[in-house]
Amino acid sequence: GDGVLRAEELLASLREVGVAIQPNEVVRLVMQSDQNGDRVLNTNEFISMLARANEEMQKRFLHNVAGPSITHATPALPPMTPDAREGEIIRRLVFQAMRVDRSLVDIFRSFDKDGNNALTATELADGISAFGVHVTVAEVERLMKAADVNRDGVLDVHEFVGLLLSMNRCLQDRFKWCVMSVECRRNSVL
C-alpha cells in the first residue's frame, strides 16, 4: 500500500503465481530496474521491469524451448481464448519447460508413453499432471478439441506445439493489455 515494491514483496508475488525464482535473482531484477537508486520499484520501474522480463522470457521460449525449426513448421491454429484455468495450465507448462530447459518436442515425447507420435487425451492428462498441474477430463477434452486440427482424435507433435504457441500468444496479449491498463491508470492520475 505504500506505492513501491520491495524485493521481498516481488519474490512472494512471483512465487505465488508459480515462478520458481531465487531471492538473489529478485534482488538483481530490482537493482537492474531501480532507476532512481532507492532500492525499491515505483510503478514506472515495475512496468519497465515486467516488459523487459516478458520480452526476454518470450525470446527464450521461442528460440530455446519451442525451437525455430518446429515453430516454423507448425501450422497456425485458429485464435484461442483460454479461460483462466486453461491459461494457468499452459502458463505452468511453459514455465516448467523453461525451468527444465526442455524443448516442447522433448516434452511431447515424454507425454507420448506408447511412442506412436500421437497423444491421446489420457497421455495429455497424465503428462500435464506429471508437470504438477491437476487437470480435469473436461479441461483435457477442451484442449484436445482446440488443438486437434485434423480431427483424428489425437495430437501429433505439430498440433501439441501449435496448442502451446497459440495459448502462449493469447497469454502474451493479455499481459500486454494488463501493462497498458496499469499505464493508462497511472497516466490518468498524473
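Okay, let's start with two rings: Phe108 is buried, and so is Phe160. Before I go on, keep in mind that what you're looking at is a predicted model.

So, how are those two rings arranged? A search of the whole structure finds 2 aromatic pairs, and Phe108 with Phe160 is one of them, a tilted pair with 5.7 Å from centre to centre and 55° between the planes. If you trace the chain, this pair ties together distant parts of it: Phe108 sits in helix H6 and Phe160 in helix H9, which covers residues 157-189, and the two are 52 residues apart.

Now for the other pair, Phe111 with Phe160. What angle do the planes of Phe111 and Phe160 make? They stand at 70°, with the ring centres 5.6 Å apart, so this pair is edge-to-face. It also bridges distant parts of the chain, since Phe111 belongs to helix H6 and Phe160 to helix H9, 49 residues apart.

Is Phe111 buried or exposed? Phe111 has a relative accessibility of just 2%, so it counts as buried. Phe160 comes in at 1%, and that makes it buried as well. Put the three together and you get one aromatic cluster: Phe108, Phe111 and Phe160.

Let's stay with helix H6 for a moment, but switch from rings to charges. In general, side chains of opposite charge can pair when their charged atoms come close. Here, Arg109 makes a salt bridge with Asp106, and their closest N and O atoms are 3.5 Å apart. Why are these two within reach along the helix? Arg109 and Asp106 are 3 residues apart in H6, which runs over residues 104-111, so about one helical turn separates them. As for the surface, Arg109 has 54% relative accessibility and counts as exposed, while Asp106, at 34%, counts as partly exposed.

There's another group of charges worth pulling up, and here salt bridges that share partners join Asp2, Arg6 and Glu9 into one network. How many salt bridges does the structure hold? The count is 3. We've just seen the one between Arg109 and Asp106. In the network, Asp2 bridges to Arg6 with the closest N and O atoms 2.8 Å apart. Arg6 also meets Glu9, and there the N to O distance is 4.0 Å. That one still counts, because a salt bridge takes a side-chain nitrogen within 4 Å of a carboxyl oxygen.

And how open are these residues? Asp2 is partly exposed, with a relative accessible area of 47%. Arg6 is partly exposed too, at 31%, and Glu9 also counts as partly exposed, at 34% relative accessibility.

Last stop, a pair of helices. Have a look at H7, residues 121-130, and H8, residues 137-147: they pack at an angle of about 115°, and their axes are 10 Å apart. The crossing of H7 and H8 is right-handed.

Which residues meet where H7 and H8 touch? On the H7 side, you have Ala121, Leu124, Ala125 and Ile128, and on the H8 side they meet Val140, Leu143 and Met144. By class, that contact has 7 nonpolar residues, with no polar and no charged ones.

So if you want places to click on afterwards, try the cluster of Phe108, Phe111 and Phe160, then the network of Asp2, Arg6 and Glu9, and finish on the right-handed crossing of H7 and H8. Thanks, everyone.

Conventions. Residues are numbered from 1 along each chain as its sequence is written. This is a predicted model: local features need pLDDT of at least 70, side-chain atom pairs count only at pLDDT 80 or more; totals for chains, interfaces and linings use all residues. Side-chain values use heavy atoms; hydrogens and water are left out. Axes are lines fitted to C-alpha atoms, for helices over the stretch in contact, and angles run from 0 to 180 degrees between N-to-C directions. Helices (H or I, at least four residues) and strands (E, at least two) are DSSP runs, numbered from the N terminus. A crossing is left-handed if the near helix is turned anticlockwise from the far one by less than a right angle, and right-handed if clockwise. Contact means heavy atoms within 4.5 Å. Ala, Val, Leu, Ile, Met, Phe, Trp, Tyr, Cys and Pro count as nonpolar, Asp, Glu, Lys and Arg as charged, and the others, Gly among them, as polar. Buried means under 20% relative accessible area, exposed over 50%, partly exposed in between (1.4 Å probe, protein chains only). Rings of Phe, Tyr and Trp (its six-membered ring) pair if their centres lie within 6.5 Å; planes under 30 degrees apart count as stacked, over 60 as edge-to-face and the rest as tilted.
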